[in-house]
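Welcome! Below are a few exercises on reading a protein model, each with a worked solution. Have a look at the structure before you start.

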Amino acid sequence: MGALGLSPRLPLLLLMLGAECFAREVLVPQGPLYRVAGTAVSIPCNVSGYEGPAQQDFEWFLYRPEAPEAALGIVSTRDARFSYAVFGPRVAAGEVQVQRLQGDAVVLRIARLQAQDAGIYECYTPSTDTRYLGSYSSKVELRVLPDALQVSATPPGPRGRQAPASPPRLTVHEGQELALGCLARTSTQKHTHLAVSFGRAVPEAPVGRATLQEVVGLRPDLAVEAGAPYAERLAAGELRLGKEGAERYRMVVGGAQAEDAGTYHCTAAEWIQDPDGTWAQIAEKRAVLAHVDVQTLSSQLAVAVGPGERRIGPGEPLELLCNVSGALPPPGRHAAYSVGWEMAPAGAPGPGRLVAQLDTEGVGSLGPGYEGRHIAMEKVASRTYRLRLEAARPGDAGTYRCLAKAYVRGSGARLREAASARSRPLPVHVREEGVVLEAVAWLAGGTVYRGETASLLCNISVRGGPPGLRLAARWWVERPEEGELSPAPARLVGGVGQDGVAELGVRPGGGPVSVELVGPRSHRLRLHGLGPEDEGVYHCAPSAWVRHADYSWYQAGSARSGPVTVYPYTHALDTLFVPLLVGAGVALVTGATVLGTITCCFMKRLRKR
């Protein structure tokens, strides 16, 4: 034979190799497998490369270490009476069964392993092939380990005594930290990993996988993960899980909320790595840690005010007390409080506007409209706050309420409002000053011309009021805008305050303005160099002011005079001068036109000659 010739035995060899490619093959997991007594085990088995029907039959056998040659029939897919006596009752009870996954794949399930279940398991498939070719069974060793996993809420007592059967009942305030500990350990001789998780069940609910909501857990790869409702709190640092020493685990829930109430459990699972590299859970135990009640701030916060309905005179001090009560945690790391006073005028709806408050840091502030007044908001006892107005005004009369807010502290310095409460209304009456003002204004001389000075006078009469009453007066002008029929809003021209200080506004014509007090109750406004832009309707607006003991001013009354029309007239000479100028201008233009025409005609005739 040449180099390219084929051996006569080569076709037969290729035929045998091709037949082996299609030989039956039965596969089970690679062993040995380690599982714990009392737990469940599942061993899959599948067949390939077979001939015959798509649905194959399977038979399981066990070879125990003490009798390695004796095959004990466990269960079969084709014969209900296949089981040996040692497995018959367990198969009948469903504790041992074979479950078909598909036509050529099954799984052997043992619900509760026993020590005598250790050994070599064989999965056998009866032949449906035309020829007996390939493997018809496969074996895997199963080793049963004793249950060495222990879980408890507290470490076991001396001589193996366990924690009390009745778990403790804990009560935490909303916003406080909830800390629970769990002891989990194993003495399994093989290399295993523990996964520990903390879970919560709603109060009075039976404990099970369906009712137990995982809070946070430590996985076999040491990764910390939280259940879906707690993932955001774990990311924010409000939920923590740590390992203290070799066996103790501690969960801390920061800023406890109402929905954190329930029965907490600790679940420990023992994992082992099978020869194929996958991880399998071989044991799991659970212990009740505590029944936790969360006392919400909204159910405890209460506010009371005193000393009752008040009736005071203007300028007198006003003091109101607010007491915050309830089973509340002290302000500090977990909780914070703010207290403020609101006032609504008599008959006005709603709680009203803020007068003053102390924020969560104890810093006081005044509400809009109260700036510059002598108002104090202070804490006088553990939970008692005082509002003091040094000099009350009639405008301070109304209904007062104390508003308290409770906050809980989350991660870092972040505060979340948890509750608020308002007190009952507290009426406060402040006696009126009884000041009545009247004002009369007029234009001195009655007529004013352009370029002159317009003097407007305002006489004020006062009835009632306390001693030391001060008067102020302001001058306003209303004039229509260009192209508008109705007047524009009034504009301040000038005035004199209750302290005698002049106040200048904006004059329509833009010229100089002077305001002065010409008598105890008489004010004057002068517009120098009057122009047409100063035309308008002017009025005087006096006000009465009272100075209280805290040196603050209070407006006790106001009035408005009648309108005074200012119209700048033009002089008679100015009236004649304008037509004279127009006439002279027309005459000059006409003369120049005539003279130009005559000159033009004369020059034309001269050229013709």
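**Exercise 1.** Which residue stands opposite V430 in β30?

Solution. I312 stands opposite V430 in β30. Before going on, note that this is a predicted model, in which local features need pLDDT of at least 70 and side-chain atom pairs count only at pLDDT 80 or more, while totals for chains, interfaces and linings use all residues. Residues are numbered from 1 along each chain as its sequence is written, and side-chain values use heavy atoms, with hydrogens and water left out.

**Exercise 2.** Describe the partners and the two faces of strand β30.

Solution.
- Step 1, the terms: strands (E, at least two residues) and helices (H or I, at least four) are DSSP runs, numbered from the N terminus. Two strands pair if DSSP finds at least two bridges between them.
- Step 2, the partners: β21 (residues 310-312) runs parallel to β30 and is joined to it by three bridges. Strand β28 (residues 398-409) is also joined to β30 by three bridges, but these two run antiparallel. In β30, V428 is the bridge partner of G398.
- Step 3, the faces: in a regular strand, side chains alternate between the two faces of the sheet. Along β30 (residues 426-430), L426, V428 and V430 point to one face and are buried, where buried means under 20% relative accessible area, exposed over 50% and partly exposed in between (1.4 Å probe, protein chains only). P427 and H429 point to the other face and are not buried.

**Exercise 3.** Which strands stand at the edges of the sheet β31-β33-β38-β37, and why does one side of each lack a neighbour?

Solution.
- Step 1: the four strands form an open sheet in the order β31-β33-β38-β37, with antiparallel pairing.
- Step 2: β31 (436-443) and β37 (513-519) are at the edges; each has a single partner strand, so one side of each has no neighbour in the sheet.
- Step 3: on average, neighbouring strands of this sheet are turned by 20 degrees against each other, direction ignored. Here axes are lines fitted to C-alpha atoms (for helices over the stretch in contact), and angles run from 0 to 180 degrees between N-to-C directions.
- Step 4: zoom in on one pairing. Six bridges join β37 and β38 (residues 522-527) in the antiparallel sense, and L517 stands opposite H523 in β38.

**Exercise 4.** How many aromatic pairs are there, and how are the rings of F61 and F82 arranged?

Solution.
- Step 1, the rule: rings of Phe, Tyr and Trp (its six-membered ring) pair if their centres lie within 6.5 Å; planes under 30 degrees apart count as stacked, over 60 as edge-to-face and the rest as tilted.
- Step 2: the count comes to four aromatic pairs.
- Step 3: the ring centres of F61 and F82 are 5.2 Å apart and their planes lie at 75 degrees, so this pair is edge-to-face. F61 belongs to strand β4 (residues 59-63), and F82 to the loop between β5 (72-76) and α2 (88-92), 21 residues apart.
- Step 4: F61 is buried at a relative accessible area of 15%, and F82 is buried at 14%.
- Step 5: Y567 and Y569 also form an edge-to-face pair, 4.9 Å centre to centre with 75 degrees between the planes. Y567 is partly exposed at 40% relative accessibility, and Y569 is partly exposed at 40%. Y449, Y567 and Y569 form one aromatic cluster.
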